[in-house]
Amino acid sequence: MAETDKDDLISIIEEDEKDIDIPKILPLMPLRDVVIFTDMLLPLFVGREKSVRAVEEAVTKDRFLFVVTQKDPGIENPIPEEIYNVGTVSRILRMLKLPDGRVKALVQGIVKAKIVEYVRKRSLYRVKIETILEEPVKEISIEIEALMRNVREHSEKIMALRGEWTNDVSAILDSIEDPGKLADLVASNLKLKIEESQALMELFDPIDRLRKVNDLLSREVELSSMQAKIQSNVKDEISKSQRDYFLREQMRAIHKELGELDEKAQEISDYKKKIKRARMTKEADKEAQKQLKRLEQMHPDSAESSVVRIYLDWLVELPWSKPTKDIIDIKKAKKILDADHYALDKVKDRVLEYLSIRKLNAKMKGPILCFVGPPGVGKTSLGKSIARAMNRKFVRISLGGIHDEAEIRGHRRTYIGAMPGRILQGLKQCGSNNPVFMMDEIDKLGADFRGDPSSALLEALDPEQNSAFSDHYLNLPFDLSKVMFILTANLTDTIPSALLDRMEVITLSGYTEEEKQIIAETYLLPRQIKENGLKPKSVSISAKAMRQIITEYTSEAGLRNLEREIGTVCRKLARKVAETGSGPFQITRNNLQNYLGIPKYYPEMDQEESQVGLATGLAWTQVGGEVLYVEASLIGGKGELIITGQLGDVMQESARAAVSYARANLKSFGVDENFFENIDVHIHVPAGAIPKDGPSAGIVMATALISVLTDKPVNKDIAMTGEITLRGRVLPIGGLKEKALGALRAGIHTIIIPDKNKRDLTEIPKNLKRKIKFIPVKHMDEVLSIAIGNGLFKDENP
């Protein structure tokens, strides 16, 4: 019935079209994503205010409405420049107002027209139009007939591929004799882009329009054919999968009748045994059984089944209940620690304390230790030694440069290639749930858009929380409380405070020359002899030669370069043995240069004599303590302060405080109070390419400045460290042991320290205190008296 009504309406309009005068000014309605051709019947849902007003105005008058497509469908309220110029005069056949304020209208294209002028733009668009009347094709030539037949055949083929072809469709296409109408009918049913449909609309010659439609149809036929081919292949694949499934089911039934198990049943049986042997927690066992049931119901070759298999493999291979038995023999553990490392008594005592408590309380949670010290002091090797002393497995991961939180917590199983984090990977690798787990370079963690690894470590390194550590991949709690975590860092400044609070920090400052010599002779030399294929009795290095290697060929807090230099000697000896077979070899001070070349460091020659305006300070760096020279000079100027040497903000403030103290006490130094009016002060810290900062250089800057003001030299054999206030008080500093070791390496045996740092002297080894004289001071006056000499102050008696 609906089709009959539609045909009647079309015929009525066709009969009446000649007699109806179309107004030259009509309301305009822009369309978003459709182009209406002539004779095209289309229902529209109208929601925009201007469009609703345009439809209502058309209905109240003669039902004519000018519809035209807007250039960008995403624009809500297009301006005239955003609307195409050519559209279709349409008649509203029916209109229905919906409850939500929208309007449903059934429109039919009557004739093409173009916009001449916008008459109204505010509440609605009203435009002046000019109709476009196409000249009818007077004679249908053979070429045109062939073109029309080609268009009909292509249209039928496309509809057949889509499954939309019927005899009625074929009859409608055959009944249209006008080329322009045929082009419009086919174009309105093609899935074209807006730009392509509008281009057809603006082709006013019927034959040109029909040719363009024919080209578009040819392309659409190819696309539809390819789409049908793809669908056919997919259908064949599905049919093949179903066939394979039925064959496998038959194979399973045959195996069952023969009393044999197929591969899938065998796999399920193996997983059940592994789950039972793993002795998981209740939650993990429940999840494993659940995943096993899923696997049992899946096709063996499906992608999902491989994901489940990998997950089950991780569950059954993790050491849920597989600890190693600790050695609780304290004396034996001490013997192992002493055999592997010399000195480091504080660390050894902490490990032995832990073992002692474990002996008394077997349920004690594992400690979280953090070894902080310069490179080469033995932080990583100490972790291996601790594991050996406790008879535990050793796992090491490096955290330096890690930016992804998933490296710690793992990836969620929704991602392709997902896997647990580095912690659970390490536990699986060692096969124990109570190893010594070392995390190197905790101070070099990064963070970016993928997350913050240091935040992910908060749970793992918290003894109160890590008994139920949750990895994103497993999504199950895993007990890490039995793991002994040891972390290493060169400094604590870059470690987040929340993470640092969870760790017990143990500082490894470095080694004295005596300690280095003992370690080199006991550990390093035998190891290098063995690694280079030499015999122990064929190589010997005298004590003086070893001391020369330590003082003149290396300058470090650790032992890395020392072992490298010893290795160089052994390599050269190995070459001699390989070439000549000679030996044994005795390395002394006299022939050491033959193997290592000229000395690299002359620490005692850095400052040959005491100089005016040159003071020696001490600095703490990531590689240990170092000597820091500060120079001061006076030049003509306007009383300004010049600071060079790439100093940080804190050191620059120390320099300003030192200058202020000196200017406030000029009278006591015997200097004119107006001295600085025409003089600039230049303070320089050599090695300008190296950035420097820290709150411990105040007194050395003040000493260098006052030395140049009074023209008296600073004692070259004295180094100093401490911060200064404007009143001249000396404030405490940190890293005293490291700075003392640095001074000793530079050949300095007298150090001025803040009085409040006297308590830190208890941490310094006795042999180091015997070699260095520590002078505590409270005020800058004491520093000047010691470093520059008595008689400096004007009111002092000689």
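**Overall dimensions, surface and selected residues of the predicted model**

The accessible surface of the protein amounts to about 42000 Å², and carbon and sulfur atoms account for 50% of this area. The structure described here is a predicted model. Of the 798 residues in the protein, 46% are buried.

The secondary structure of the protein consists of 26 helices and 24 strands. The radius of gyration is 45 Å, whereas the globule rule gives 28 Å for 798 residues; the computed value is well over that figure, so the protein is more spread out than a compact globule. Measures along the principal axes give the extent of the C-alpha trace, which spans about 130 × 100 × 60 Å. With respect to contacts between residues at least 6 apart in sequence, 73% join residues that are at least 24 apart.

The charged groups of the protein comprise 119 positive and 120 negative charges. The mean position of the positive charges and that of the negative charges lie 9 Å apart.

Cysteine residues were examined next. With a pair of cysteine sulfur atoms required to lie within 2.5 Å, the count of disulfides in the model is 0. Two cysteines can be described in terms of their accessibility. Cys-370 has a relative accessibility of 0% and therefore counts as buried, the cut-off for this class being under 20%. Cys-570 likewise has a relative accessible area of 0%, so this residue is buried.

Backbone geometry was considered for two residues in loops. Most residues other than glycine have a negative phi. Asn-475, a residue other than glycine, has a positive phi, with a value near 60°. Asn-475 is located in the loop that connects strand E10 (469–470) and strand E11 (477–478). The relative accessible area of Asn-475 is 56%, and the residue is therefore classed as exposed, for which the cut-off is over 50%.

A positive phi near 60° is also found at Asp-711, again in a residue other than glycine. The loop that holds Asp-711 runs between helix H23 (698–710) and strand E20 (718–720). Asp-711 has a relative accessibility of 60%, so Asp-711 counts as exposed. Thus Asn-475 and Asp-711 are both exposed, whereas Cys-370 and Cys-570 are both buried.

Conventions
Residues are numbered from 1 along each chain as its sequence is written. This is a predicted model: local features need pLDDT of at least 70, side-chain atom pairs count only at pLDDT 80 or more; totals for chains, interfaces and linings use all residues. Side-chain values use heavy atoms; hydrogens and water are left out. Buried means under 20% relative accessible area, exposed over 50%, partly exposed in between (1.4 Å probe, protein chains only). Helices (H or I, at least four residues) and strands (E, at least two) are DSSP runs, numbered from the N terminus. The radius of gyration is taken over C-alpha atoms; the globule rule is 2.2 Å times the number of residues to the power 0.38. Contact means heavy atoms within 4.5 Å. Accessible areas come from the Shrake-Rupley method with a 1.4 Å probe; for residues, only the protein chains shown count as cover. Lys and Arg count as positive and Asp and Glu as negative; His and the chain ends are not counted. The place of a charge is taken as NZ of Lys, CZ of Arg, CG of Asp or CD of Glu.
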